Amino acid sequence: MTTFDLAYCNSCRSCYTKSFQTPSQSTKYYARQHKLLSRKFESDHSHSLSTATTQTQHLDPFELVRSDLQTLSDDIKQELHPYEKELASVSQYHFDGKGKSFRPMIAMLMAKAVNTHNEKPLELSRNQRKCAMIAEMIHTSSLVHDDVIDDSDTRRGKPSIHKNWGERKAILGGDYIMAMASMALARMGNERIVLAYSQILEDLVKGEFMQLGSKEDENERFAHYLKKTFKKTASLIANSCKSVAILAESTEETIEMAYQYGRNVGIAFQLVDDLLDFTSCENVMGKPTAADLKLGLATAPVLFAAQQHPSLNEMIMRRFSQPGDVAAARQYVAKSDGVEQTRYLATQHCNAAIQNIRTFKHSIEQDALVTVTSKVINRLK
Amino acid sequence: MLRNIGIRIRTNICNRCLKNIGIERLYHNPGSYSSQELTNQKHKKSLFHLRLSTNNQRLISFWGASTANDWSKAISDAEKIVGYPTSFMSLRCLLSDELSNIAVQMRKLVGTKHPLLKTARGFVYDGKHTMQTRGLVVLLISKAAVGTEVPSEQELIAGIHPKQRQLAEISEMIYTANLIHKGVIDVSDMSAEDGCQKDLEFGNKMAVLSGDFLLASASMGLAELHNTKVVEIVSGAIGDLMRAEFTELCSPRGTPSLTSSTTYQDWETQTFLSSGSLLAKCCQSTLELAGHCKEMQDKAFQYGKHLAFAHQLHEDLQPFTHPTDENGDQISLGSAPVILHYSKPENKPHLNRLLDSHVDQKKLRDTILSGTAVEETKRHCKENGKIAINAIESFPSSEAKTALENMINAVTNNSR
């Protein structure tokens, strides 16, 4: 493990990874960590992310894997060619090459970084490419289901699948993508990787279930939120990083570092996503947001704000269901430093991710993975 | 939790499970139903799921009421052979945190027409939808293949490897997940009397989540088998279940639709995708798990596939062979007799008239009975049964093999 803020990392591990669960590190621990964090925030804000990354800023991570990413959509469509025409249209709908491909990009960069680290040929092996592809398939399949669950009308700039084909076919189409991803996965013939990807599926659905419920205890709530964030977002990135490392015949240590990098970046990614839900409106850019609040979800900015404004707790418990709750919650968040604290927490995870990736031998892909972290923090700012 | 949504545990649960998890037994007067009564016409409908006979032995009919006797006997004999509570899966899943959560939330759906309610009730209650037969067949074929060539060092319990039992459970999870996801409704198609839109959307949300949960559990279970070949085969079966909902025989809302170019082959494809594939591929996989050769695996596959065909043909025959009572079986336009009838050149011209108007069940039934389609369906049923039995001919004689044959006989005997 890295030396950076070890106590905090331990705490993370206790809630994110099963094998490190330590029930004794309870909610109080979290509360203490949080105070620590707030204090650190004041004194320590300049902490190194910017300096760590400035020198590599010129690298565009996407550029390094552009050629690999170019064929991604076509490769995926190759896996999705059922005889039934309508099913083909539904399942291929989102693979039009217009997605951000953030997850496959990380998997590909990690594959190249780890190949170099293990003194293997730099280029992705066939199976490593498959890993990146399967990650995108699983991600898309879960998006299709999420859109039905949250009833969102658009996705990636076009109507969501259920708006075109109805909820029933959207769900069945999503299942089909998942089944074909599993098939492609199994064809690789690597049991460990099959296990890693099954873990993703389990985490995705358990994360979704966690989102349904909220914790009574205020301190538990934050741990619950972080655990959910890991399961819903970071597990996919972490396990696909792990898988490409396994395929490069890495040592267990290297595999763990790849996994931790993915986990940290994944959590940071979601934290920033959650804070953008509050800030993008303030910046008067794009559509009105607060989508999470409207769904009744309390994310990091709200949870931090509730520390300063305890009256938020009641609204959190009733999932912002009363008229005026959403607006009031937004005001409280704006009055507090919830957004800044969220950003700081994300920065910490990115710094940890940098420490993880720095354990590898040097490569430009390694630098790119460092750049990715700053892109995660600074996107859409 | 279980009681909240009105599921009565006394249905598919075996004594052993109840003891294992310490749930209070909720049987109503064990012994109050004799096996005699089971065959009684009057009780036929209400008793077709599970009742205890006088000697506390359970009798189940999974596949419809009209053949409760043949089928339930085949099943109850078979369950003794594999020495396994095949109902275990539904119970374990029901008791998971995630599905408990769903069960509690499901109260909100009461009063709507969301299909999830019906599926949930059927989860442990209703006999019509063949809840646990796939698992049972997988176990039987595992056991029937023992002695042909299995490496001896494997630890078998009652002739079945633990991984094969796990696969049997997985097959049920996949089936149930699919049943739940097929029950997701298109909210825009619903009218006010189906329930308010918010409730129906909520029902969909629950259906999506619980189906996803089962699929994720199945996926994890498959990974734990440490056999990527099996993962590939079974994932293919999941894909087939989805394909079944997008065929031309399957109209937008998941009910069958007929065109003038529909043939019996389309029926076979549809039946394979929607039920044959999962059964066949799980039968194949369980032999792969035990290290049997490709040839044996193929035999198991054939058995599963043709059992599914014979069974579906048998089901399709019910509205014709057993005249409907008050809420009897509706004739499906996608059923074999209808397709066989209207695929004949002389009957094709009449198809449009059938499709244009609201389907008059009685008229449709009389029309089809006047032709030869019902006889042909019976013939197909018998043929498929024969292929299934021939497929396992080379398996050594055993009670498991006999049970597999009896299951075929239970569906083909009725096609006399």
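# Salt bridges in a predicted model

Me: Is B:Lys281 buried or exposed?

Reply: In this predicted model, B:Lys281 counts as buried, because its relative accessibility comes to 16% and the cut-off for buried is under 20%.

Me: And what does its side chain pair with?

Reply: B:Lys281 makes a salt bridge with B:Asp240, and the closest N and O atoms of the two are 2.9 Å apart. The lysine belongs to helix α12 (residues 264-289) of chain B and the aspartate to helix α11 (residues 228-243) of chain B, so the pair ties together parts that lie 41 residues apart in sequence.

Me: Is B:Asp240 buried or exposed?

Reply: B:Asp240 counts as buried, with a relative accessibility of 8%.

Me: Which residues get joined into a network by shared salt bridges?

Reply: A:Asp68, A:Lys112, A:Glu123 and A:Arg129 are joined into one network, through salt bridges that have partners in common.

Me: Why would such side chains pair up in the first place?

Reply: Side chains that carry opposite charge can pair when their charged atoms come close.

Me: OK, and how many salt bridges are there over all chains?

Reply: Counted over all chains, the structure holds 34 salt bridges. One of them is in chain A, where A:Lys120 pairs with A:Glu249 and the closest N and O atoms are 3.4 Å apart.

Me: Where do those two sit in the chain?

Reply: A:Lys120 is in the loop between α8 (102-117) and α9 (126-150) of chain A, while A:Glu249 is in the loop between α13 (218-247) and α14 (252-282), so that the pair links distant parts of the chain, 129 residues apart. As for accessibility, A:Lys120 counts as partly exposed at 30%, and A:Glu249 counts as exposed at 62%.

Me: What about A:Arg358, which residue does it meet?

Reply: The side chain of A:Arg358 meets that of A:Asp367 in a salt bridge, with 3.7 Å from N to O. Here A:Arg358 counts as partly exposed, at 35% relative accessibility, whereas A:Asp367, at 11%, counts as buried.

Me: Changing topic: what is chain A built from?

Reply: Its secondary structure comes to 20 helices and 2 strands. Chain A has 381 residues, and 62% of them count as buried.

Me: What share of its contacts is between residues 24 or more positions apart?

Reply: Among contacts in chain A with a separation of 6 or more, 76% are between residues 24 or more positions apart.

Me: And how much area does chain A expose?

Reply: Chain A exposes about 15,200 Å², and carbon and sulfur atoms supply 51% of that area.

How values were computed:
Residues are numbered from 1 along each chain as its sequence is written. Chains are lettered from A and ligands numbered from 1 in the order in which they are written. This is a predicted model: local features need pLDDT of at least 70, side-chain atom pairs count only at pLDDT 80 or more; totals for chains, interfaces and linings use all residues. Side-chain values use heavy atoms; hydrogens and water are left out. A salt bridge is a side-chain nitrogen of Lys or Arg within 4 Å of a carboxyl oxygen of Asp or Glu. Helices (H or I, at least four residues) and strands (E, at least two) are DSSP runs, numbered from the N terminus. Buried means under 20% relative accessible area, exposed over 50%, partly exposed in between (1.4 Å probe, protein chains only). Contact means heavy atoms within 4.5 Å. Accessible areas come from the Shrake-Rupley method with a 1.4 Å probe; for residues, only the protein chains shown count as cover.
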